[in-house]
Amino acid sequence: MMFVLVVVGVVGLAVGSFLNVVIHRVPRGESLLRPASHCPQCTAPVRPWHNVPVLGWLLLRGRCADCAAPISVRYPLVELGTAALFVAVAARAGGLGWWSLPAWLYLAAIAVALALIDLDVLRLPNAIVLPSYAVAPLLLLPAVIAERDWAAALRGVLAMAVLWTFYFLLSVVYPGGMGFGDVKLAGLLGLYLGWLGWSSVAVGTLAAFVLGGIAGLALMAAGRAGRRTALPFGPAMLAGALLALFAAAPITHWYSSLLVPA
């Protein structure tokens, strides 16, 4: 188990390095392959050894090797954060069945990218969300076949439709507070949460609104947002889904104990 977690952590560092490219280029409509990694200030190409996750940034002391322009600390933090999330997801996936691990690692990866892009530009790019409607079922299919759990697959499809419809109605009723990007993301998260169970759907959905509300109130209290300030909801949705992955059962048990005291 420890060996698997170490390997997943190393993979997470590499994926985090790629996600930095995704986060920067996808909102701008740029290619992920060309040009190669380069300094945005002097356009000098990044040497291969400077592209090593985290270590490259440390070796450069956070500055371009050619023009000494500062390199944001967010780059190594994204790499470390992705690695930590990959390890946590792998540890949790062990209890769900290893066949589902690739699907959950994929969700973790796009969650990092989508959350930061939404924070940066208030948008959840179709280039990431829409292909995931094909990728996620393909990655979950081996788990369904190996475990012969077709009920989970059906539940995932139903939850996808339910959450998509719920968020769509919210976007119609309150268009200023819910974008269509959130609607599309809701369907994808519904597929994953439904595969886990209806309690996970409930916890993940409710948690998104609770976390989003807390973040909004905190920003207003700090004077960084007002009642009419547009705030990204994608990060809260993704955080809620991941919270459900790790803690839906204890949260459901706690809530049930409040309704029916022992």
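**Rings, bridges and helices: why the labels fit**

Q: Why is Phe-233 called buried?
A: Phe-233 comes in at 12% relative accessibility. Buried means under 20% relative accessible area, exposed over 50% and partly exposed in between (1.4 Å probe, protein chains only). At 12%, Phe-233 is under the 20% line, so buried is the label.

A quick word on the model.
This is a predicted model, so local features need pLDDT of at least 70 and side-chain atom pairs count only at pLDDT 80 or more, while totals for chains, interfaces and linings use all residues. Residues are numbered from 1 along each chain as its sequence is written, and side-chain values use heavy atoms, with hydrogens and water left out.

Q: How many aromatic pairs turn up, and what makes Trp-164 and Phe-180 an edge-to-face one?
A: The search of the whole structure gives 10 aromatic pairs. In the Trp-164 and Phe-180 pair, the ring centres are 6.1 Å apart and the planes sit at 90°. Rings of Phe, Tyr and Trp (its six-membered ring) pair if their centres lie within 6.5 Å; planes under 30 degrees apart are stacked, over 60 edge-to-face and the rest tilted. The 6.1 Å is within 6.5 Å and the 90° is over 60, so this is an edge-to-face pair.

Q: What does the Trp-164 and Phe-180 pair tie together?
A: Trp-164 is in helix α6 (residues 150–173) and Phe-180 in helix α7 (residues 180–196), so the pair joins parts that are 16 residues apart in sequence. Helices (H or I, at least four residues) and strands (E, at least two) are DSSP runs, numbered from the N terminus.

Q: Are Trp-164 and Phe-180 buried, exposed or partly exposed?
A: Trp-164 has a relative accessible area of 32% and Phe-180 has 41%. Those values fall between the two cut-offs, so partly exposed fits Trp-164 and Phe-180.

Q: Why is the Tyr-167 and Phe-233 pair called tilted?
A: Its centres are 6.4 Å apart and its planes differ by 35°. That angle is neither under 30 nor over 60, so the pair goes to the tilted class. The partners come from distant parts of the chain: Tyr-167 from helix α6 and Phe-233 from the loop between α8 (198–221) and α9 (234–259), 66 residues apart. Tyr-167 has 2% relative accessibility, so Tyr-167 counts as buried. Ring pairs also join Phe-166, Tyr-167, Phe-209 and Phe-233 into a cluster.

Q: How do you know that Asp-66 and Arg-47 form a salt bridge?
A: Their side chains meet at 2.4 Å, N to O. A salt bridge needs a side-chain nitrogen of Lys or Arg within 4 Å of a carboxyl oxygen of Asp or Glu, so this pair passes. Asp-66 sits in the loop between α2 (55–60) and α3 (74–96), and Arg-47 in the loop between α1 (2–25) and α2, 19 residues apart. Both are partly exposed: Asp-66 at 43%, Arg-47 at 28%.

Q: How many salt bridges are counted, and what makes Asp-120 and Arg-74 one of them?
A: The count is two. Asp-120 and Arg-74 meet at 2.9 Å, N to O, which is within 4 Å, so the pair qualifies. Asp-120 is in helix α4 and Arg-74 in helix α3, so the bridge ties together parts that are 46 residues apart in sequence. Asp-120 is partly exposed at 43%, and Arg-74 is partly exposed at 31%.

Q: How are α3 and α4 packed, and which residues make the contact?
A: The angle is about 145° and the axes are 9 Å apart. Among the contacting residues are Arg-74, Val-78 and Phe-86 of α3, and Trp-104, Leu-105 and Asp-120 of α4. Contact here means heavy atoms within 4.5 Å.

Q: How does the span of α4 (residues 101–121) fit what is expected of a helix?
A: The expected span is 1.5 Å times one less than the number of residues. With 21 residues, α4 reaches 30 Å from its first C-alpha to its last, close to the expected 30 Å.

Q: What makes α4 mostly covered?
A: Of its 21 residues, 16 are buried.

Q: Why is Ser-17 called buried?
A: Ser-17, in helix α1, has a relative accessible area of 18%, so the value is under 20% and Ser-17 is buried. Leaving aside neighbours within four places in sequence, Ser-17 is in contact with Asn-51, Pro-53 and Glu-79.

How values were computed. Axes fitted to C-alpha atoms, helices over the stretch in contact; angles between N-to-C directions.
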